[in-house]
Amino acid sequence: MYNFDQIILRKGTNSKKWDSIDETYHEAGLLPMWVADMDFATPDFIREAIAAALDHKVLGYTMAPESLYEAIIQWEATQHQIQLKKEHILFSPGVVPSIALAIETLTQVEEAVMIHDPVYTPFREMVEQNNRKVITSTLTIENGQFVMDFKDIEKKFSTEKVRLFILSNPQNPGGRVWSRGELNTLLSLCKKYQVYCLSDEIHSDLIFAPHQFTSAFAIDEAFDDLLIVLNAATKTFNMAGVKHSMIYVKDSVLRAKLMAAQAKSEQGTINTFGYAATEAAYRYGKDWLKELIGYIQENQRLFMDFFAKELPHISVIKPEGTYLIWIDCRSLGLSDQTLKERLIHQGKIVLSPGIDYGLNGSGWMRVNLGCPKEILEDGLQRLKLALAK
Ligand SMILES: Cc1ncc(COP(=O)(O)O)c(C=O)c1O
């Protein structure tokens, strides 16, 4: 049994989540429930693997060991039902840097890249920073969950000359776990219009039964020549600061393009601790993950019960995966700026403003439930102060 109730003081540790906010918002005593890292201890088997690497005493150049490839292949096969070979796996310092690499490699300046709206903010940022054109397709809500508008996607694929689609699978911020059928339709459209698809699967381990995660690689190998899958152990095992991720590419031509791009700036090698941490996560992490999922589900239940009772005018999308939750504050009738200020100054709580995820996020907020219950309960009281009618 792991102790997810333990409160670990993170203030004063250069934590982005805890230490950047007082200065940003000029307000003391804020509770952060925004950026996506969790307030739980990184599991002991990962910290021990890092400590063992440190104990070697010499921190020289390291290589990815054979045993790391084996651990990744095994994890992907048993957790996500995809079959990888060693040569399919590239390393990168992060999923977001890999997205930037794919944009740079597979598209030309001013060509169009499609993303959903709303979606994880850096998707848009990476497209814009690389001087490509952002084309969005709105996620609509049906039966309380996000669904893709395939007609809109097809229309824009054909008229806007889209070269690359960036998918959050599962979906951040809505917690939607895309079905096999939805992925098949999307990838079939990509094939028809020769659009590359990048499937960001960093949240794929955190899925709530009866929902089942489907990797984009699990649909049909006919899509492999257009498909890149990104994953990492850093989100699941709460070690984002380690900066380590994987790029999976099955098609050798596509992989050669990405490897050549990585070679240009010597990007494909990772720090010693990243290798050690990821291998330990995938070798020893199953039980910890199972307990984590149970704990997050309980947090989710507490959150939804509280909102139903105390803040019924705020509707909540029940996540199928991820430790995030997407809440609809539009009934308050506030501008995005006023809503944010009310949360900061009245509730003394920092959430991720929905508008940062796209125009369709206006009036919404994203809350991070990856914290001990005591912190969640404190957060709920603060939310009540800020969001009461
Ligand atoms: C969908 C998604 N992709 C990528 C990342 C970040 O990945 P990395 O830290 O490896 O760049 C996050 C972090 O919240 C995320 O939610």
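These are my notebook entries on cysteines, a sheet, aromatic rings and some backbone details, all looked up in a predicted model.

**Entry 1, cysteines**

I began with the sulfur atoms, and the count of disulfides came to zero. I then looked at C190, whose closest cysteine sulfur belongs to C197 and lies 4.6 Å away, which is too far for a bond because a disulfide needs two sulfur atoms within 2.5 Å. I also noted that C190 is buried, with a relative accessible area of 1%. For C371, which is in no disulfide either, I found the nearest cysteine sulfur to be that of C329, at 17 Å. C371 counts as buried too, at 2% relative accessibility.

**Entry 2, the sheet and the helix across it**

I next traced an open sheet of four strands, which follow one another in the order 11-12-15-14 and pair in the antiparallel sense. Its edges are strand 11, residues 315-317, and strand 14, residues 352-353, each of which pairs on one side only. Between strand 12, residues 324-328, and strand 15, residues 364-368, I recorded five bridges in an antiparallel pairing. To place one of these on the model, I looked up D328, and its bridge partner in strand 15 is W364. I then turned to helix 11, residues 286-310, and found that it lies across strand 11, strand 12 and strand 15. The angle between helix 11 and strand 12 is about 10°.

**Entry 3, aromatic pairs**

I counted 18 aromatic pairs in the model. The one I looked up before the others is formed by F4 and F40, with 5.2 Å from centre to centre and 80° between the planes, an edge-to-face arrangement. This pair links distant parts of the chain, since F4 sits in the segment before helix 1 (16-19) and F40 sits in the loop between strand 1 (31-32) and helix 3 (44-55), 36 residues apart. I checked the exposure of both rings' residues: F4 is buried at a relative accessible area of 5%, and F40 is buried at 4%.

I went on to F45 and F237, whose ring centres are 6.5 Å apart and whose planes stand at 75°, so I entered this pair as edge-to-face as well. F45 lies in helix 3, while F237 lies in the loop between strand 9 (227-231) and strand 10 (245-248), so the pair ties together parts that are 192 residues apart in sequence. Both residues are buried, F45 with a relative accessible area of 10% and F237 with one of 0%.

I then asked which aromatic residues form one cluster with F4, F40, F45 and F237. The other members are W75, Y282, Y284, W288 and Y295.

**Entry 4, lysines over rings**

I also looked for charged ends placed over aromatic rings, and I noted two lysines. K86 lies over the face of Y69, at 4.9 Å from the ring centre. The charged end of K250 sits over the ring of F217, and here the distance to the centre is 4.9 Å.

**Entry 5, cis peptide bonds**

Turning to the backbone, I found that the peptide bond from D117 to P118 is cis, with omega near 5°. P118 has its place in the loop between strand 3 (112-117) and helix 6 (121-129). The peptide bond from A209 to P210 is likewise cis, with omega near 10°, and I located P210 in the loop between strand 8 (196-200) and strand 9.

**Entry 6, positive phi outside glycine**

Last, I looked at residues other than glycine with a positive phi. N14 has a phi near 60° and is found in the segment before helix 1, the segment that also holds F4. Whereas F4 is buried, N14 counts as exposed, at 75% relative accessibility. K161 has a positive phi of about 55°, and its place is in the loop between helix 7 (150-160) and strand 7 (162-168). I entered K161 as exposed, because its relative accessible area is 66% and the cut-off for exposed is over 50%.

Technical notes. Residues numbered from 1 in each chain as written. Predicted model: local features only at pLDDT ≥ 70, side-chain atom pairs only at ≥ 80, totals over all residues. Heavy atoms only, no water. Buried < 20%, exposed > 50% of the residue type's maximum accessible area, 1.4 Å probe, protein only. Pairing = 2+ DSSP bridges. Contact = heavy atoms within 4.5 Å. Axes fitted to C-alpha atoms, helices over the stretch in contact; angles between N-to-C directions. Phe/Tyr/Trp six-rings, centres within 6.5 Å; stacked < 30°, edge-to-face > 60°. Lys NZ or Arg CZ within 6 Å of the ring centre and 35° of its normal.
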